[in-house]
Amino acid sequence: MTTLPAKLQAVLARIAAAARQFGRQPEEVRLLAVSKMRSADCVRAVAAAGQLSFGENHVQEGVAKARELAPLALDWHFIGSLQANKTRLVAENFAWVHSLDRLPIAERLSAQRPPSLPPLSVCLQVNVSGEASKSGVAPAAALPLAQAIAALPRLRLRGLMTIPRPSTEFLEQRHAFRELRELAEQMQAAGLQFDTLSMGMSDDLEAAVAEGATLVRIGTAIFGERTTA
Ligand SMILES: *Cc1c(COP(=O)(O)O)cnc(C)c1O
């Protein structure tokens, strides 16, 4: 069995190879290790190999790991759907939220962010594929929502995030990521400032890097297949 540190190195090598292939610097692409449904011990093993940013999509599970591993000073990112009754836990325990798509949730996070912590970094989740079942704001509604979020005192708008419809075709994968990049460029032209395109997972990170991802969210390729959804 390949060890977790070896899998982490393999993912970093994939990111670096894709960056070079598409004329970018490997340092421009940050790796978020998605540790949902993995034990704190698995996170420890990956952290010991130098990976410090981890993503979780369930509030209680993520908070439990963040508290257990607090001495490691890791950087926790919330990437799942967020209900109003869980915003306080997220505001108190995470450094980032990638999955913001509603102003009331953003307002709660801003109001609940403890004064002792820096502003919460947030990405607006955009539904580029237009799938009815997916969360994320429609591209046409993204600018006004991002402007409202950027005005909240205890949030820092970092950029856009997307989870496109899964595809095994490289060009199709690129197409969805290109849509997010072009939307980001339009929003920046309209005066918003941010630095992050959170896009790309285990099966499409190369396409995301080709289209300008600055952060890829990788679970399976580091930790192996998850046993349940
Ligand atoms: C699970 C998850 C990932 C990681 O997916 P893999 O295919 O395991 O790399 C990335 N982003 C989000 C939002 C996720 O929920």
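Which residues are around the ligand? The legends below take that up for this predicted model.

**View 1. The shell around the ligand in the predicted model.** Going along the chain, the residues around the ligand are Val34, Lys36, Ile79, Met161, Ile163, Met201, Ser202, Arg217, Ile218, Gly219, Thr220 and Arg226. Sort that shell by character and you get six nonpolar residues, three polar ones and three charged ones.

**View 2. Side chains that reach ligand oxygens.** Start with serine 202: an N or O atom of its side chain lies 2.5 Å from an oxygen atom of the ligand. Lysine 36 brings a polar side-chain atom to 2.7 Å from a ligand oxygen. Then there's arginine 226, with a side-chain N or O atom 2.9 Å from an oxygen atom of the ligand. As for cover, the ligand on its own has 390 Å² of accessible area, and the protein covers 91% of that.

**View 3. Where the ligand sits.** Zoom out a little and you'll find the ligand in the largest pocket.

**View 4. The chain around it all.** The protein chain folds into nine helices and eight strands. Its radius of gyration is 17 Å, close to the 17 Å that the globule rule gives for 229 residues, so the chain is as compact as a globular protein of that length. Measured out along its principal axes, the C-alpha trace spans about 50 × 40 × 30 Å.

Methods
Residues are numbered from 1 along each chain as its sequence is written. This is a predicted model: local features need pLDDT of at least 70, side-chain atom pairs count only at pLDDT 80 or more; totals for chains, interfaces and linings use all residues. Side-chain values use heavy atoms; hydrogens and water are left out. A residue is near a molecule or strand if one of its heavy atoms lies within 4 Å of it. A polar contact is a pair of N or O atoms within 3.5 Å; within protein, one must be able to donate a hydrogen and the other to accept it, and residues adjacent in sequence count only if both atoms are side-chain atoms. Accessible areas come from the Shrake-Rupley method with a 1.4 Å probe; for residues, only the protein chains shown count as cover. On a 1 Å grid over the protein atoms alone, a cavity is a set of points where a 1.4 Å probe fits but cannot get out, and a pocket is an open set with protein on both sides within 12 Å along at least five of seven lines; lining residues have an atom within 4 Å of a point. A molecule sits in a cavity or pocket if more than half of its atoms lie within 2 Å of its grid points. Ala, Val, Leu, Ile, Met, Phe, Trp, Tyr, Cys and Pro count as nonpolar, Asp, Glu, Lys and Arg as charged, and the others, Gly among them, as polar. Helices (H or I, at least four residues) and strands (E, at least two) are DSSP runs, numbered from the N terminus. The radius of gyration is taken over C-alpha atoms; the globule rule is 2.2 Å times the number of residues to the power 0.38.
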